Amino acid sequence: MEYMGLNEIREKFLSFFESKGMLRIDSFPLIPKNDNSLLLINSGMAPMKPWFTGAEEPPRRRVTTCQKCIRTPDIERVGKTARHGTFFEMLGNFSFGDYFKHEAIAWAWEFFTEVMKIPKDVLWITVYEEDDEARDIWINEIGVAPERVVKMGKEDNFWEHGTGPCGPCSEIHVDRGEHLSCGPDCKIGCDCDRFMELWNLVFTQFDKKEDGTYERLANPNIDTGMGLERLAAYVQGVDNLFEVDTVQDVMKHICKVAGVEYKKDNKTDVSLRVITDHIRSTVMMISDGVIPSNEGRGYVLRRLLRRAARHGKLLGINRQFLFEVADTVIDASKSAYPELEEKREYIKNIIKIEEARFDATIDNGLAVLNDYMKDSKEITGEQAFKLHDTYGFPLDLTIEIAGENGLTVDVDGFGKAMAEQKETARKSRKDGSSWESDNVFEFENAQPTVFLGYDTLEAESEIVGIAAEGEVSAVISEGEVGVIVTKETPFYAEMGGQVGDIGIISAGNAEAHVTDTKKTGDGIYIHEVFVDKGKFETGNKVRLSVNVKNRTAIGRNHSATHLLHKALKEELGGHVAQAGSLVTPDHLRFDFSHFEAMTSEQLARVEDKVNEMILSSLPIVTRELPIEEAKGLGAAAQFGEKYGDVVRVVSMGDYSIEFCGGTHLTNTSQIGLFKLISEGGVAAGVRRIEAVTGEGVLRYIKEKDNLIQSTAKILKTNLLNEIDKKAEVMTFELKSAQRELEKIKTQLASAKANDVLAGIKHIGDIDLITAQLDGMTADDLKKAADDMKEKIDCGVIVLASDTDNKITFVAMATKAAVAAGAHAGNIIREITQIAGGRGGGKPDMAQGGGKNAEKIDDALARVDEIVAQQTGRTL
């Protein structure tokens with residue numbers, strides 16, 4: 001067996017299965033598409049579920065892939081041993097009703113023994129104990145010795161998850177040598193390192209029913225999975241994934257930055273493994289569109305980044321460094337994932353921003369956590385939440401650090417504190433829709449709807465499904481809300497950020513308004529309707545008419561979005577990528593990857609460029625092309641989308657070309673005009689632009705014109721082109737008047753302070769000043785108290801004010817008074833309660849408020865006694 005690098009092994013695997021007639025598929029993004037059961041893709045077959053279930057047609061009946069995967073159930077264990085990691089690559093070959101056991105087994109053996117040159121005498125096989133078919137293939141067709149084919153129980157060699165498709169599996173193990181044995185009874189299934197599973201072949205041949213019985217599938221499937229790093233570790237003769245060539249390159253970079261060596265100190269090794277694994281996961285996640293946040297997959301990314309950053313500090317790295325290590329991760333994998341090179345600067349900037357944010361709070365946070373851990377056995381939920389909310393500590397990081405110091409964390413209390421902060425749960429559905437997306441209607445006669453809306457906005461079809469007032473029905477009548485499903489439709493369903501069409505469905509005297517159009521995972525178009533008159537029944541022939549004005553307005557905004565995307569790339573750089581969009585009749589919203597706010601000059605140039613392309617009257621052409629041909633033309637793929645062999649491409653002259661399934665105009669001049677409304681941040685590394693086009697620009701101009709007219713009226717000028725000068729003059733006059741007013745107020749405050757000083761009281765050697773100075777703000781009171789404090793050596797000043805129905809108390813104490821025991825914060829805390837309010841502060845200065853003006857005198861009268869008690873003086 002010869003040495004091979006990880007990248008070479010990956011290519012060997014994919015090329016081998018291409019030679020068996022399989023389609024090589026690029027890795028799917030780590031963000032699952034239309035699968036809410038997963039936070040991140042965690043296996044090779046996960047993104048192929050629609051192909052296995054039959055919900056979607058696969059591009060070919062046999063495929064092969066190397067899938068990026070993230071698994072995070074035990075992040076805290078990563079680093080403690082060399083066995084655990086969060087990121088890995090899963091090699092796999094799959095069949096959707098095509099080849100089955102004979103081929104899957106034979107090809108696996110051929111790849112191992114002939115391509116990888118693994119000696120046959122180190123390979124062991126496990127099969128499900130009732131799968132005699134697989135056992136016979138291994139022994140009689142492949143020639144494996146019977147004693148090397150081991151039967152295992154359902155727990156080890158049968159794949160199932162609830163009801164549905166399932167089946168037995170066969171695993172290929174490698175014997176790494178007796179020196180790793182756990183003893184004379186060592187065998188496959190032991191927890192030692194001698195026998196290592198390399199490849200799992202799953203034979204999906206049954207359908208498990210609700211009653212627990214199994215029915216044979218007419219068209220069984222094949223799903224195999226093999227960890228690339230694990231195979232590389234064996235082929236390269238190293239102990240674990242952290243010693244594989246490409247992973248070692250990353251670790252060596254970290255060692256160089258930290259000035260340490262691997263395998264010299266256990267604590268150092270833990271930190272090196274943590275950083276190495278987490279930065280690999282981080283780079284891949286950001287590349288696929290994950291952004292650090294406080295929820296969902298964004299929270300997973302933030303946990304990984306911040307855990308890596310903390311372990312950097314444990315290694316003595318007291319600067320931002322992860323973004324530098326990202327270069328090595330990208331260099332190691334860019335041959336397989338070219339998008340890493342394309343997004344290099346973007347990935348590094350996201351990491352750098354997150355590192356900086358954590359760096360700004362971690363030291364203070366650690367100080368607070370260390371304080372919490374003193375003389376304590378548990379970090380309370382409130383304390384853990386404060387670390388999370390104020391210092392950016394993910395809960396898992398707090399748990400990990402506490403555990404290292406022998407403490408536990410009240411996780412339930414943390415959850416309660418988090419729930420209290422969020423007064424209401426996040427809504428998972430849009431408000432105001434007549435048909436909620438969680439409603440699942442089963443229409444017996446409904447097949448995937450044929451969409452006609454690219455070519456026509458009117459069509460005739462037959463109703464194949466109806467739901468009225470939330471229930472499947474054969475009829476929907478006047479005044480009812482529901483859905484209508486037809487065989488064909490010109491109505492575009494909400495997809496890819498573009499909202500659904502509205503319009504009319506009619507049949508004879510019956511008429512229904514379509515208020516929205518959606519599409520199910522099965523490809524059925526749902527027309528949400530309100531029946532204005534008459535009734536509709538299943539089987540009726542109907543006319544479907546899309547609202548032309550609405551569709552045209554949507555087209556303006558959608559086509560403008562493509563021009564905007566291209567203009568942003570030109571202005572900001574190639575790292576710009578779409579991160580989300582919304583296209584409605586009224587406006588467009590475009591989210592894109594960029595790491596800082598755009599300047600007003602950049603925004604102006606982008607707006608000018610889009611309008612230049614609009615006025616250039618570029619033809620808008622849509623074509624269906626083979627995907628490789630489309631890529632060759634430079635077509636940009638939309639974020640998070642996976643495409644088949646043939647794609648729809650929208651081009652606008654020679655300026656913009658993108659993959660797109662939405663609806664567009666036929667010429668850019670039909671957009672009219674484009675106007676940027678706002679630009680801002682929505683997440684780390686993601687900016688958002690909102691804009692209007694066509695009639696939206698006209699409305700914008702009218703709104704601004706009305707604003708100018710009303711502003712001119714307020715400024716009492718008829719010369720609209722001089723309102724800025726008029727406003728400048730009035731602003732200058734106002735500032736001058738404010739300065740004069742401040743002078744008068746200062747003089748008044750000084751006079752009042754002198755009056756108050758004349759009534760100074762003495763409690764022993766402590767000077768005491770109390771007074772009510774109505775009409776003064778809190779800042780005025782503070783200034784007055786400061787002035788008085790400068791005129792006494794050892795004393796306390798307490799002032800109150802009732803201004804515009806707002807009661808304010810301010811207390812100050814000189815250094816000598818504080819040394820004698822005076823505490824302004826405690827004085828305010830007690831006297832504000834008398835006035836029905838609250839407050840507090842430091843020993844030398846405090847502030848508070850009250851609600852009952854009639855109690856101000858009582859509150860001030862109490863100060864004498866409080867000061868005497870604090871300082872031990874007698875009245």
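Q: Where in the chain does Phe590 sit, and what makes this residue count as buried?
A: Phe590 is found in strand E24, which covers residues 588–593. This is a predicted model, and in it Phe590 has a relative accessibility of 0%. Buried means under 20%, so Phe590 qualifies.

Q: Which residues does Phe590 touch, leaving out those up to four places away in sequence?
A: Its partners are Thr561, Leu564, His565, Leu568, Gln578, Gly580, Ser581, Arg687, Arg688 and Ile689. To be listed as touching, a residue needs heavy atoms within 4.5 Å of Phe590. For a longer reach, take Gln320: 270 residues separate Phe590 from Gln320 along the chain, and their C-alpha atoms are 31 Å apart.

Q: What makes Ala868 buried, and where is this residue placed?
A: Ala868 belongs to helix H25, residues 863–871. Its relative accessibility is 9%; set that against the limit of under 20% and Ala868 counts as buried. Apart from neighbours within four places in sequence, Ala868 is in contact with Ile763, Arg873 and Leu875. Asp74 lies 794 residues from Ala868 along the chain, with 60 Å between the two C-alpha atoms.

Q: Why is Ile31 called buried, given that its place is in a loop?
A: The label goes by accessible area: Ile31 has a relative value of 18%, and the cut-off is under 20%, so Ile31 is buried. The loop in question runs between strand E1 (23–25) and helix H2 (49–53). As for Ile807, 776 residues from Ile31 along the chain, the two C-alpha atoms are separated by 54 Å.

Q: What is unusual about the phi of Ser617, and is this residue buried, partly exposed or exposed?
A: Its phi is near 50 degrees, which is positive although Ser617 is not a glycine. Most residues other than glycine have a negative phi. Ser617 is in the loop between helix H17 (600–615) and strand E25. At 35% relative accessible area, Ser617 falls between the 20% and 50% cut-offs, and therefore it is partly exposed.

Q: How do you know which accessibility class Asn805 belongs to?
A: Its relative accessible area is 79%. Exposed starts at over 50%, so Asn805 is exposed. Asn805 is another non-glycine residue with a positive phi, here about 65 degrees. Its loop connects strand E32 (795–803) to strand E33 (806–813).

Q: How do you know that the length of helix H10 agrees with its residue count?
A: Helix H10 has 12 residues, 322–333. At 1.5 Å a residue, they should span 16 Å, and the end C-alpha atoms are 17 Å apart, so the two values agree.

Q: What makes H10 mostly covered?
A: Of its 12 residues, 10 are buried, among them Leu322, Phe323, Val325, Asp327 and Ile330. These buried residues pack against helices H1 (6–18), H7 (245–258), H8 (266–287), H9 (296–314), H11 (339–342) and H12 (344–373).

Q: What lines the second largest pocket, and how big is its volume?
A: The volume is about 330 Å³. There are 17 lining residues, and the closest to the pocket centre are Tyr454, Arg551, His664, Leu665 and Thr666. Two elements give two or more residues to the lining: helix H16 (548–572) and strand E25 (620–626). H16 provides the largest share, three residues.

Q: How do the lining residues of that pocket divide by type?
A: They split into 10 polar, four nonpolar and three charged.

Q: What can be said about the confidence of the model, and where is pLDDT under 50?
A: The chain has a mean pLDDT of 89, and 95% of its residues reach 70 or more. The stretch 423–439 stays under 50, and the model has 16 contacts for these residues beyond four places in sequence. Where pLDDT is low, the predicted coordinates should not be read in detail.

Q: What does the chain look like as a whole?
A: It has 25 helices and 35 strands, and its C-alpha atoms fill a box of roughly 110 × 85 × 55 Å along the principal axes. Of the 875 residues, 50% count as buried. Take the contacts between residues at least 6 apart in sequence: 66% of them join residues at least 24 apart.

Terms used
Residues numbered from 1 in each chain as written. Predicted model: local features only at pLDDT ≥ 70, side-chain atom pairs only at ≥ 80, totals over all residues. Heavy atoms only, no water. 1 Å grid on protein atoms, 1.4 Å probe; cavity = no way out; pocket = protein on both sides within 12 Å on 5 of 7 lines; lining within 4 Å. Points joined across faces, edges and corners; volume = space filled by probe spheres on them. Helix = DSSP H or I, 4+ residues; strand = E, 2+ residues; numbered from the N terminus. Nonpolar A, V, L, I, M, F, W, Y, C, P; charged D, E, K, R; others polar. Expected span 1.5 Å × (residues − 1). Buried < 20%, exposed > 50% of the residue type's maximum accessible area, 1.4 Å probe, protein only. pLDDT = per-residue confidence, 0-100.
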